[in-house]
Amino acid sequence: MKRILYSAIAFSFLLTAACGQTPKGKGAGEMASTSDGAVRFRVETVVGNLQVPWSIVFTPDGRMIFTERPGRVRVMENGQLRAEPLATISDVEARSESGLMGLTLHPQFASNHLLYLCYAYDSGNGQRDRVARYRETGTGLTDRQVIIEDIPAAQFHAGCRLRFGPDSKLYITTGEATQKEIAQKLDSLGGKILRLNDDGTVPQDNPFVGQKDARPEIWTYGNRNPQGIDWQPGTNTMFETEHGPSGGDAPGGGDEVNIIEKGKNYGWPVIHHRQTREGMESPLLEYTPAIAPASGTFYRGTAFPQFHNNFFFGCLRGETIVRVVFDGRRVVSQERLLEGQYGRIRDVAEGPDGSIYFATSNRDGRGSPAKDDDRILRLIPIK
């Protein structure tokens with residue numbers, strides 16, 4: 001059964017009261033609210049003068065670890081950014097949209113201190129993506145183990161979002177590296193979502209295990225450039241954000257929010273935008289003009305009770321954070337927060353204090369940096 005499609009043109013977005021005429025790069029202490037005024041919050045700069053922060057995680061002991069695309073893994077603790085990186089990944093190949101990107105912690109990080117990085121590297125035969133596992137010692141990264149590599153990559157459409165699911169499996173998003181035909185090819189890792197055990201082996205319940213001419217790591221295919229994944233609390237349904245056509249490979253726009261299910265084909269490049277075809281999945285939400293969704297997370301905290309279980313994602317071209325309210329798989333409402341005020345927004349993450357953290361991406365060659373960009377900021381509730 002085809003899902004009901006929601007077009008960003010037809011769907012009426014709610015805008016925050018603070019959006020619209022505020023200059024980009026506004027500093028700490030800005031007050032804002034949802035469009036109905038029910039939720040008020042302050043925007044606070046956590047750390048500035050960064051270079052394209054891509055992925056943010058929080059350790060059980062309250063530290064914030066994040067990646068910078070040139071190859072640095074950084075740590076902030078007790079309100080201060082460490083002067084020296086936790087690690088600099090020497091074989092990162094940073095070009096345009098690619099570099100050091102995804103970061104996630106092992107589900108048992110508190111006891112094993114394992115973390116995973118996804119980054120682009122020079123294979124000697126073109127750019128590729130690699131996922132590697134490390135042990136975090138407090139002062140560095142050791143015990144490097146390659147989980148998977150030789151994933152098609154390019155300076156555009158690199159994917160590379162990492163996240164562990166409720167099943168304790170590692171999910172990896174991959175872009176089609178501007179070779180759109182490979183998204184439909186099951187013998188290629190490009191344009192897919194992959195699923196692996198924590199040591200890089202293949203789970204035997206993956207959908208294409210044992211199928212001739214198909215990579216067993218594949219969970220879904222026909223994805224163009226997915227960069228946000230999370231699982232809905234209560235249902236464990238997997239949601240994904242995905243960049244649609246850039247205008248060079250199909251009409252512009254067509255950015256997506258999808259419900260991701262085992263073994264399904266999400267259509268690229270055969271279908272896009274709101275097109276349908278038997279055996280292919282059309283998006284739950286579609287956005288034209290493009291907003292470039294670059295992350296995705298469900299809010300599980302209590303600091304913002306009105307946001308509980310809402311889905312948030314940062315947007316690059318859209319220069320906003322989109323908040324979607326779901327009732328199961330049904331879209332109840334959505335709105336854009338802080339639109340146009342902080343420039344390009346990439347990752348959105350929930351902090352241990354229940355604040356909502358987000359990273360700007362204004363030094364990526366496509367933005368207009370403020371004097372202290374790039375930054376990680378947070379939304380703090382006003383009681």
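How many bridges join strand S16 and S17, and in which sense do the two strands pair? The close-ups below, taken from a predicted model, begin with that pair.

**View 1. An open sheet of four strands, S14-S15-S16-S17.** Strand S16, which covers residues 192-196, pairs with S17 in the antiparallel sense, and three bridges connect them. To find your way in, look for Lys192, whose bridge partner in S17 is Tyr221. Zooming out a little, the sheet has the order S14-S15-S16-S17, with antiparallel pairing. Strand S14 (162-164) and strand S17 (218-221) are its edge strands, each pairing on one side only. Neighbouring strands of this sheet are turned by 20° against each other on average, direction ignored.

**View 2. The largest pocket and its lining.** This pocket has a volume of about 750 Å³. Its lining counts 31 residues, and those nearest the centre are Ile56, Val57, Phe58, Thr104 and Arg163. Strand S5 (53-58), strand S10 (100-105), S14, strand S18 (226-231), strand S22 (297-298) and strand S26 (345-350) are the elements that give two or more residues to the lining. Sorted by class, the lining has 17 nonpolar, eight polar and six charged residues.

**View 3. Arg163 and its salt bridge to Asp230.** Arg163 was listed above among the residues nearest the centre of the largest pocket. Here Arg163 is shown with its salt-bridge partner Asp230, the closest N and O atoms being 3.6 Å apart. Because Arg163 lies in strand S14 and Asp230 in strand S18, the pair ties together parts that are 67 residues apart in sequence. Are the two partners buried or exposed? Arg163 is partly exposed, with a relative accessible area of 25%, whereas Asp230 counts as buried at 2%. Elsewhere, salt bridges that share partners join Arg42, Glu44, Asp353 and Arg378 into one network.

**View 4. The second largest pocket.** Its volume is about 340 Å³. The lining is made up of 22 residues, with Glu97, His243, Ala292, Arg317 and Arg366 nearest the centre. By class, you will find six nonpolar, seven polar and nine charged residues around this pocket.

**View 5. Glu68 with two arginine partners, Arg72 and Arg74.** The structure holds 30 salt bridges, and two of them are drawn here. Arg72 forms one with Glu68, with 2.9 Å between the closest N and O atoms. Arg74 forms another with Glu68, and here too the closest N and O atoms are 2.9 Å apart. Glu68 is buried, its relative accessible area being 1%. Arg74 is buried as well, while Arg72 is partly exposed at 22%.

**View 6. Strand S28, covered on both faces.** Why can strand S28 (residues 376-381) be called largely enclosed by the rest of the structure? Six of its six residues are buried, so that description follows. On one side sit Ile376, Arg378 and Ile380, and on the other Leu377, Leu379 and Pro381, all of them buried. Strand S4 (residues 40-47) pairs with S28 in the antiparallel sense over six bridges. Strand S27 (residues 356-360) also pairs with S28 in the antiparallel sense, over four bridges. Leu377 makes a handy landmark: Thr45 stands opposite Leu377, and so does Phe358. Arg378 of this strand also belongs to the salt-bridge network with Arg42, Glu44 and Asp353.

How values were computed. Residues numbered from 1 in each chain as written. Predicted model: local features only at pLDDT ≥ 70, side-chain atom pairs only at ≥ 80, totals over all residues. Heavy atoms only, no water. Pairing = 2+ DSSP bridges. Axes fitted to C-alpha atoms, helices over the stretch in contact; angles between N-to-C directions. 1 Å grid on protein atoms, 1.4 Å probe; cavity = no way out; pocket = protein on both sides within 12 Å on 5 of 7 lines; lining within 4 Å. Points joined across faces, edges and corners; volume = space filled by probe spheres on them. Nonpolar A, V, L, I, M, F, W, Y, C, P; charged D, E, K, R; others polar. Salt bridge = Lys/Arg side-chain N within 4 Å of Asp/Glu carboxyl O. Buried < 20%, exposed > 50% of the residue type's maximum accessible area, 1.4 Å probe, protein only.
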